[in-house]
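Work through these exercises with the model open beside you. Try each task before reading its solution.

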Amino acid sequence: MSERQLKELHLSNVRLTKEGSRLILEAVKRYKTLEKLNLSSNGSLDSTQIGDIVKDDTTLQELNIAKCNLRDNMKPIMLALAVNQSLQKLSLDYNELHYQDTLDVCEALGKNRILTSINLSGAGFIQSNSGCLCAVVET
């Protein structure tokens with residue numbers, strides 16, 4: 001019997017606990033066929049684990065981590081995004097990004113040439129940092 005070829009996993013707003021989140025993210029790392037992952041509206045996600053998935057996964061094309069309360073902790077995800085070669089669509093909307101988060105997003109976007117869509121709606125970009133995003137969009 002062949003192994004399951006899971007392509008999409010949608011776990012939006014399922015109220016994952018920290019332990020549940022950890023278990024799900026560990027399982028996701030093992031699925032080498034997953035192309036779309038939606039974990040939006042779950043406030044207990046570990047950005048280091050998400051970063052590990054983004055960094056190591058070569059099949060994941062879409063990641064939705066909107067409304068996951070990731071503010072002040074985007075660095076692991078953005079470091080991974082800077083080197084990722086498969087992710088094409090990323091949703092970070094409504095994560096209330098703070099000053100350093102916006103700088104990390106801009107730096108990652110400046111390095112990643114694969115990503116074709118990013119949603120930052122309601123992400124709380126600080127006015128003083130909007131210039132770095134503009135510079136990335138223009139390149």
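**Exercise 1. The sheet**

How many bridges join strand 3 to strand 4, and in which direction do the two strands run?

Solution. Some ground rules come first. This is a predicted model: local features need pLDDT of at least 70, side-chain atom pairs count only at pLDDT 80 or more, and totals for chains, interfaces and linings use all residues. Residues are numbered from 1 along each chain as its sequence is written, and side-chain values use heavy atoms, with hydrogens and water left out.

Step 1. Three bridges join strand 3 to strand 4, and the two run parallel. Strands are DSSP runs of E with at least two residues, helices are runs of H or I with at least four, and both are numbered from the N terminus. Two strands pair if DSSP finds at least two bridges between them.

Step 2. Find Leu63; opposite this residue stands Leu90 in strand 4.

Step 3. Widen the view. The open sheet has five strands in the order 1-2-3-4-5, with parallel pairing. Strand 1 (8-10) and strand 5 (117-119) stand at the edges with a single partner strand each, so one side of each has no neighbour in the sheet.

**Exercise 2. Two helices**

Determine how helix 3 and helix 4 are oriented, and list the residues that meet.

Solution.

Step 1. The axes of helix 3 (residues 75-83) and helix 4 (residues 99-111) come within 8 Å and cross at roughly 10 degrees. Axes are lines fitted to C-alpha atoms, for helices over the stretch in contact, and angles run from 0 to 180 degrees between N-to-C directions.

Step 2. Helix 3 and helix 4 are therefore roughly parallel, a label for angles under 35 degrees.

Step 3. From helix 3, Lys75, Met78, Leu81 and Ala82 meet Gln100, Asp104, Val105, Ala108, Leu109 and Lys111 of helix 4. Contact means heavy atoms within 4.5 Å.

**Exercise 3. One loop residue**

Is Asn84 buried or exposed? Trace its surroundings.

Solution.

Step 1. Asn84 is found in the loop between helix 3 and strand 4 (89-91).

Step 2. Asn84 counts as buried because its relative accessibility is 2%. Buried means under 20% relative accessible area, exposed over 50%, partly exposed in between (1.4 Å probe, protein chains only).

Step 3. Leaving aside residues up to four places away in sequence, Asn84 touches Val54, Asp57, Asn112 and Ile114.

Step 4. The Asn84 side chain reaches the backbone nitrogen of Ser86 at 2.7 Å.

Definitions and conventions:
Angles under 35 degrees count as roughly parallel, over 145 as roughly antiparallel, 65 to 115 as roughly perpendicular and the rest as oblique. A polar contact is a pair of N or O atoms within 3.5 Å; within protein, one must be able to donate a hydrogen and the other to accept it, and residues adjacent in sequence count only if both atoms are side-chain atoms.
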